[in-house]
Amino acid sequence: MKDAVRDILVAIGENPDRPELERTPARVEESLLDLTRGYRESLEDLLQGAVFEDPSQTMVLVRDIPVYSLCEHHILPFFGKAHVAYIPAGRLLGLSKIPRVIEHFARRLQVQERLTEQVADTLNGVLRPRGLGVVLEATHLCMVMRGIQKEGSVATTSALRGNFLSDPRARAEFLALAGVPNPTR
Ligand SMILES: [Zn+2]
């Protein structure tokens with residue numbers, strides 16, 4: 001990868017031999033491998049022992065989870081916050097694992113819509129809850145830095161499962177708690 005980064009430096013008109021850039025190919029390789037480590041880590045290992053039986057039927061909501069990912073079209077960051085909620089049906093997931101599942105799918109080349117769906121499908125498959133929702137609000141540098149999107153504008157995606165889809169009251173409660181507008185209204 002270091003040779004490829006060196007080629008990119010030449011292609012953009014830089015001199016990869018100037019002293020300040022000497023370690024740049026190695027740094028880019030290291031950071032890109034870290035930002036895409038989701039490809040190389042096991043979701044099974046990550047979730048090992050994290051799901052437990054519990055009769056609770058109260059909605060579980062984790063708000064404002066920081067999300068950092070890379071858009072697959074430009075390999076530039078998009079970042080923001082995720083809100084995840086579910087109504088359990090006999091199983092709970094350790095709360096700290098929800099951000100880890102998001103990170104697993106965020107640390108790779110992504111589009112925001114697919115990231116949202118993958119997190120929802122994974123949690124839905126593991127928990128088999130009565131209902132589940134994932135909302136992701138993100139700013140895309142490929143748009144704001146290039147002037148396509150206005151500074152500060154945010155793209156919102158949501159993925160709903162179970163009774164968050166079928167029950168308007170459950171959906172409304174989730175979206176109100178997540179602090180995002182209900183798209184069905
Ligand atoms: Zn992009």
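## Helix crossing

A crossing of two helices is left-handed if the near helix is turned anticlockwise from the far one by less than a right angle, and right-handed if clockwise. By this rule, H1 and H2 cross in a right-handed way. The model is predicted: local features need pLDDT of at least 70, side-chain atom pairs count only at pLDDT 80 or more, and totals for chains, interfaces and linings use all residues. Residues are numbered from 1 along each chain as its sequence is written, and side-chain values use heavy atoms, without hydrogens and water.

Helix H1 spans residues 2-11 and helix H2 residues 24-35; their axes lie 8 Å apart, at an angle of about 120 degrees. The two are therefore oblique to each other (neither under 35, over 145, nor 65 to 115 degrees).

## Where H1 meets H2

From H1, Lys2, Val5, Arg6 and Leu9 are in contact with Thr24, Pro25, Ala26, Val28 and Glu29 of H2 (heavy atoms within 4.5 Å). This contact has 5 nonpolar, 1 polar and 3 charged residues.

## Nonpolar cores

The largest nonpolar core (buried Ala, Val, Leu, Ile, Met, Phe, Trp, Tyr and Cys residues joined through side-chain atoms within 4.5 Å; buried is under 20% relative accessible area, with a 1.4 Å probe and protein chains only) has 31 residues. Tyr86, Leu93, Ile98, Ile102 and Leu115 touch the most other members. Elements giving two or more residues to this core include strand E3 (77-87) and helix H5 (112-127). H5 gives the largest share, 6 residues.

Beyond four places in sequence, Leu93 is in contact with Leu47, Ala50, Val51, Phe52, Tyr86, Ile98, Leu123 and Leu127. Another core, of 11 residues, lies apart and includes Met59, Ala170, Phe174 and Leu175.

Technical notes:
Axes are lines fitted to C-alpha atoms, for helices over the stretch in contact, and angles run from 0 to 180 degrees between N-to-C directions. Helices (H or I, at least four residues) and strands (E, at least two) are DSSP runs, numbered from the N terminus. Ala, Val, Leu, Ile, Met, Phe, Trp, Tyr, Cys and Pro count as nonpolar, Asp, Glu, Lys and Arg as charged, and the others, Gly among them, as polar. Buried means under 20% relative accessible area, exposed over 50%, partly exposed in between (1.4 Å probe, protein chains only).
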